[in-house]
Amino acid sequence: MDALLETPLAELHRQLGAKMVPFAGYAMPVQYPAGVMQEHNHTRTHAGLFDVSHMGQVLITGPSWEAVALWFESLIPMDVLDLADGRQRYGMFTNDTGGIEDDLMFARRGEALFVVVNAACKTADVARMRAAAGPDIDVTYIEDRALLALQGPQAETVLSRMDAAVTQMRFMDCDQLKLGGFAVWASRSGYTGEDGFELSVAAADAVALAQLLLAETEVAPIGLGARDSLRLEAGLCLYGHDMDAKTSPIEAALTWSIQKVRRAGGARAAGFPGAHVILGHLQDGVERRRVGLRPEGRAPMREGVELFAAENGGVAVGVITSGGFGPTIGGPVAMGYVPTGLSKPGQPLWGEVRGKRLPLHVAALPFVPANFKR
Amino acid sequence: MKFTEEHEWLRQEGDEVVVGITIHAAEQLGDVVFIELPEEGTVVSKDDEVVVIESVKAASDILAPLDGEITEVNSVLVDNPSLVNEDPQGEAWFFKMKLSDSSQLDELMDEAAYQTFIA
């Protein structure tokens, strides 16, 4: 087995007492001594610092914003062209069968496009972009920057002590900040459902910036365990679990991310991989879709639990793709795929756990209301 | 107190043993969020799955440490699973059992041997 890669913060994680686990080829902190539950709750009430440097940061340049944006629109079903400077959007690479190859955040930085992709997919994503790029489009994989996320209701207060400009940022705004003397590319976004910021910083400055943030009384380090329970309560998809190369954005209930201009009748309709399938799903509907699920008992229902329409008999009608205990909810929560006819909130279902069918019902997402500064 | 390689402790109490998991096991599990206990009166063999314990991370089984009959379960844990993290070797016992052959206890580790085992 290949040795695990490390982020610039690996040694700091160990000093902080983190339990390190392999994740997407990296040694990453799954939890610190406080534990998943406390880390989760701390992020919901104060501010949590996450190391997400394993994710891929890519800068794309070309002759003009228009050229870069229209090229990127050939790879994703989103409106890129109309993105204002300093704004970010959520999107996904699709394939020829309408499935999702990866999900991503993309931001306009002047005439350039800054893209953040999942760690497990980044090599394939960069290859996909380079293969699609003509001679005038330059795809640069940024290897010398770390990525930190500061998430939670007190994130703004903490950062505003270092750079007052953060208070001017709205959800999904991007700006260049000076935090403790370090130049940071910041976006007001995250993966927790809380207000917060993602901070791209030179790898050489990453430890010092992390220590500066951790020195603030509101801030605690948060591992991947709590990151997962936070995003699950926020109803956010985890690539490779809640969606994959065989799931369309419509099935994944990500229809909102496809702007009208790329849909049938829009000025730049279609023109992305799998458009015929995805626009077909939009027009004709889908047979299955991602929903929130609330087990009625206390037993967590995890990924892989099969779902049934009746307490006894019948074949599985769906499956849980993410599930566990939601500390803020104080009980088990899950997401999964069910037939569209059984996807309305309140729909009773049963999940088979250790050979027993236990009741659950379809629930609206997110489980915990988003706390964004719009 | 006696210990198993599955990180359970057993404390003799009259002609019964009280069974729980060790501090070390509770630390490894992380925050416990769900516990399913056996029925009182269940006759079990060593290594039968008798308790389901789920933490924020994963589901695990607690195995019967020896042969015997479950005589009492600590139902407080069902409503308050986090007690396992707070006091694993005290208040958070899982069940009591009557051993089929109490001489089997002698095969288990004592405290010193267990500390060496987890070191």
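Modeller: Before we start, a residue counts as buried here if 20 or more other C-beta atoms lie within 10 Å of its own. And keep in mind that this is a predicted model.

Colleague: Fine, so with that cut-off, how many residues of strand 6 of chain A are buried?

Modeller: Strand 6 of chain A covers residues 100–109. The strand is largely enclosed by the rest of the structure, because the buried count in its ten residues comes to nine.

Colleague: Which strand of chain A joins strand 6 through six bridges?

Modeller: Start with the other pairing: strand 5 and strand 6 of chain A run antiparallel over seven bridges, with A:R89 opposite A:F106. On the six-bridge pairing, A:R108 of strand 6 faces A:L113. That pairing is antiparallel too, and the partner is strand 7 of chain A.

Colleague: Which residue has a positive phi in the turn between strand 5 and strand 6 of chain A?

Modeller: Both hairpins of strand 6 have such a residue, so don't mix them up. In the hairpin with strand 7 of chain A, two residues lie between the strands and A:G110 takes a positive phi near 65°. In the hairpin with strand 5 of chain A there are five residues between the strands, and the one with a positive phi of about 85° is A:G98.

Colleague: On to helix 4 of chain A. Why do its buried residues sit on the same side, and what arc do they cover?

Modeller: The buried residues of helix 4 are A:K122, A:D125 and A:M129. An α-helix has 3.6 residues a turn, so residues three or four places apart point the same way. Strands that cover these buried residues include strand 5, strand 6 and strand 7 of chain A. The buried residues are on the same side of helix 4 because they span an arc of only 60°.

Colleague: And which exposed residues does the face turned away carry?

Modeller: Exposed means 12 or fewer other C-beta atoms within 10 Å. On helix 4 of chain A, the face away from the buried side carries A:A127, A:R130 and A:A131.

Colleague: Which strands stand at the edges of the open sheet in chain A?

Modeller: The sheet has six strands in the order 10-11-12-9-3-13, with mixed pairing. Neighbouring strands are turned by 30° against each other on average, ignoring direction. An edge strand has a single partner, so one side of it is left without a neighbour in the sheet; here the edges are strand 10 and strand 13 of chain A.

Colleague: What angle does helix 2 of chain A make with strand 3?

Modeller: Strand 3 of chain A pairs with strand 13 in the parallel sense over three bridges, and A:L49 stands opposite A:P221 there. Helix 2 packs on this sheet, touching strand 3, strand 9 and strand 13 of chain A. Its direction relative to strand 3 of chain A is about 120°.

Colleague: There's also a closed barrel in chain A. What is the twist from one strand to the next, on average?

Modeller: The barrel has six strands, running 14-17-16-15-18-19 with antiparallel pairing. One of its pairs is strand 15 and strand 16 of chain A, with two bridges, and A:L307 has A:G318 as its bridge partner. From strand to strand, the twist averages 45°.

Colleague: Which elements of chain A give two or more residues to the side that touches chain B?

Modeller: The contact takes twelve residues from chain A and eight from chain B. On the chain A side they divide into five nonpolar, five polar and two charged. One contributing element, helix 7, lies across strand 16 and strand 17 of chain A, at about 115° to strand 16. The elements giving two or more residues are helix 2, helix 7 and strand 16 of chain A.

Colleague: Is A:K260 buried or exposed?

Modeller: A:K260 is in the loop between helix 7 and helix 8 of chain A. Its C-alpha atom lies 8.9 Å from that of A:M78, 182 residues away along the chain. With 11 other C-beta atoms within 10 Å, A:K260 is exposed.

Colleague: Last one: what radius of gyration does chain B have?

Modeller: Chain B has four helices and nine strands, and its C-alpha atoms fill a box of roughly 35 × 35 × 20 Å along the principal axes. Buried residues make up 40% of its 119 residues. For a compact globule with 119 residues you'd expect a radius of gyration near 14 Å, which agrees with chain B's 13 Å.

Key
Residues numbered from 1 in each chain as written. Chains lettered and ligands numbered in written order. Predicted model: local features only at pLDDT ≥ 70, side-chain atom pairs only at ≥ 80, totals over all residues. Rg over C-alpha atoms; globule rule 2.2 N^0.38 Å. Contact = placed C-beta atoms within 7 Å. Nonpolar A, V, L, I, M, F, W, Y, C, P; charged D, E, K, R; others polar. Arc of directions from axis to C-beta. Pairing = 2+ DSSP bridges. Axes fitted to C-alpha atoms, helices over the stretch in contact; angles between N-to-C directions.
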